[in-house]
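Okay, thanks everyone, let's get going. I'll put the structure up and then walk you through a few spots in it.

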Amino acid sequence: MTDQDTLAQRWRAARPKVAGLHLDSAACSRQSFAVIDAVTQHARHEAEVGGYVAAEAAAPALDAGRAAIASLTGMSGSDVVFTTGSINALDVLLSSWPGERSVACLPGEYGPNLAVMAANGFQISTLPADDLGRLAVDDAARVLAANPPALVHLTPLASHRGLAQPLAELAGVCRELGLPLVVDAAQAMGHLDCAVGAAAVYSSSRKWMAGPRGVGMLAIRPELAQRLRPRLPPPECGLPIPVMESLEMGEANIAARVGYSVALGEHLAAGPDQIRDRLAEIGRMTRAAVADVPGWRVVEPSDEPTAITTLEPRNGADPQMVRAWLIAERGIVTTYAELQRAPFEMAKPVLRASPHVDTTPEDLDQFAEALAAAVG
């Protein structure tokens, strides 16, 4: 038995038996028994001793969660705050930016991120990309040097397409130019290496990290944090509250934060490198399984090192209806990705499959058969 087989077995055994086939980890992974128990136990403790007393007792678990995030982002625990998710994290960061409001990002940037940027008054410029949508690093370096924005923003792994962007290379360019790089790691955290020296990294709990919904994180290097001016409390109040403390909501779902911290610990214990390797293998397996299904085109290169496989309809199939059919008829959960996910890049809606490390070849054969039946 290989190490990857052992990882898959441990992952599967640590979770409730799935009802059907779960190929939707890019939307929401399955939580482990340990995560579910931790959330439940904290909620019970709140009922026993009161919410604020229970929150104080949970401080060591939350500190461990921040330390785990720090290890995955190349920062320190004091650089990390919890948020309610990725969009909240980006809004917290951008609303605190004191200077010129301009940001450069890829044409395929996540639609809700673009909305947050616009809502905070940021002028958006576009970084160059190749025909697949992958960042053209050398061209981007020239563009950024000639017309530097206040911030550079990169989503290393998008919601609508499983392409791994050259995150480390862009981080190097930004360091040379003295530009803060902000990384949306909602799909990349637990999937790709995010410890590349970015100025800020934010993510959600529920995706590849397999934590609860409604919680996420924002990690900010001190040199960037000291430039921020959080909107709450207003500066004129003169309250001596440190920046990082101001950025984190005190009134929060502490149980979800505890569960997220447990999920982070499980990820580190399983081995981030091993998980990344397994997810890359799963992606190759998925694309091979569905490559010849009539009526669909696999968008990603077959050897792309991600577990996200995007299927574009060829003969008029409706991905939204196919997703609903797969759930209703076969118990297979996938994602319908609408144009709003990447409004400046997507030409048509797509179906997304995102299996985790416990997926088997038999699972993928079952998916391929069902996908053919759905449009047959």
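What follows is a quick tour of one loop, two single helices, a helix pair and one more loop residue. Before anything else, keep in mind that this is a predicted model.

Let's start with the lysine. UniProt, in an unreviewed entry, lists Lys207 under "modified residue: N6-(pyridoxal phosphate)lysine". So that label comes from the record. Where does Lys207 sit? You'll find Lys207 in the loop that runs between β7, residues 200–204, and β8, residues 216–220. And is Lys207 buried or exposed? Its relative accessible area comes out at 9%, and the cut-off for buried is under 20%, so Lys207 counts as buried. As for who touches Lys207, leave aside the neighbours within four places in sequence and you get Ser25, Ala26, Ala27, Ser29, Ala186 and Gln187.

Staying in that loop, have a look at Ala210, which also lies between β7 and β8. Its phi is near 65°, and that's a positive value in a residue other than glycine. If you're checking backbone torsions, that's one to click on. Ala210 is buried too, with a relative accessible area of 1%.

Then there's Gly214, again in the loop between β7 and β8. Gly214 has a relative accessible area of 46%, and partly exposed runs from 20% to 50%, so that's the class Gly214 gets. Not counting residues up to four places away in sequence, Gly214 touches Thr83 and Thr84. There's also a pairing across sequence: Gly214 and Tyr260 are 46 residues apart along the chain, while their C-alpha atoms are separated by 9.8 Å.

Okay, on to the single helices. Helix α4 covers residues 59–73, which makes 15 residues. What span should we expect for α4? At 1.5 Å a residue it should be 21 Å, and the end C-alpha atoms are 21 Å apart, so the two agree. Just after α4, Gly74 takes a positive phi of about 75°.

Which residues of α4 are buried? They're Leu62, Gly65, Arg66, Ala68, Ile69, Ala70, Leu72 and Thr73. Note that Arg66 is on that list. The buried residues of α4 pack against quite a mix of elements: the strands β2 (80–83), β7 and β8, plus helices α11 (254–270) and α12 (272–290). So β7 and β8, the two strands flanking our lysine loop, turn up again as packing partners of α4.

Helix α5, residues 86–95, is mostly covered, with seven of its 10 residues buried. Those are Ser86, Ala89, Leu90, Val92, Leu93, Leu94 and Ser95.

Now the helix pair. In general, you describe two packed helices by the angle between their axes and the distance between the axes. Here I mean α13, residues 319–330, and α14, residues 361–374. Their axes come within 10 Å and cross at roughly 115°. The crossing of α13 and α14 is right-handed. From α13, the contact uses Val322, Trp325, Leu326 and Arg330, and from α14 it uses Gln366, Phe367, Glu369, Ala370, Leu371, Ala373 and Ala374. What's the make-up of that contact? Eight of the residues are nonpolar, one is polar and two are charged.

Zooming in on Trp325 in α13, its relative accessible area is 27%, which puts Trp325 in the partly exposed class. Leaving aside neighbours within four places in sequence, Trp325 is in contact with Arg330, Ala370, Ala373 and Ala374. For a sense of distance, Trp325 and Pro98 are 227 residues apart along the chain, with C-alpha atoms separated by 49 Å.

Last stop: Leu132, in the loop between β4 (123–126) and α7 (137–146). Leu132 counts as partly exposed, at 36% relative accessibility. Beyond the residues up to four places away in sequence, Leu132 touches Arg161, Leu163 and Pro301. And from Leu132 to Val53 you go 79 residues in sequence and 52 Å in space, C-alpha to C-alpha.

That's my tour, so over to you for questions.

Note on methods
Residues are numbered from 1 along each chain as its sequence is written. This is a predicted model: local features need pLDDT of at least 70, side-chain atom pairs count only at pLDDT 80 or more; totals for chains, interfaces and linings use all residues. Side-chain values use heavy atoms; hydrogens and water are left out. Buried means under 20% relative accessible area, exposed over 50%, partly exposed in between (1.4 Å probe, protein chains only). Helices (H or I, at least four residues) and strands (E, at least two) are DSSP runs, numbered from the N terminus. UniProt positions are given in the numbering used here, feature names are shortened, and annotations may be inferred rather than shown by experiment. Contact means heavy atoms within 4.5 Å. Axes are lines fitted to C-alpha atoms, for helices over the stretch in contact, and angles run from 0 to 180 degrees between N-to-C directions. A crossing is left-handed if the near helix is turned anticlockwise from the far one by less than a right angle, and right-handed if clockwise. Ala, Val, Leu, Ile, Met, Phe, Trp, Tyr, Cys and Pro count as nonpolar, Asp, Glu, Lys and Arg as charged, and the others, Gly among them, as polar. The expected span of a helix is 1.5 Å times one less than its number of residues.
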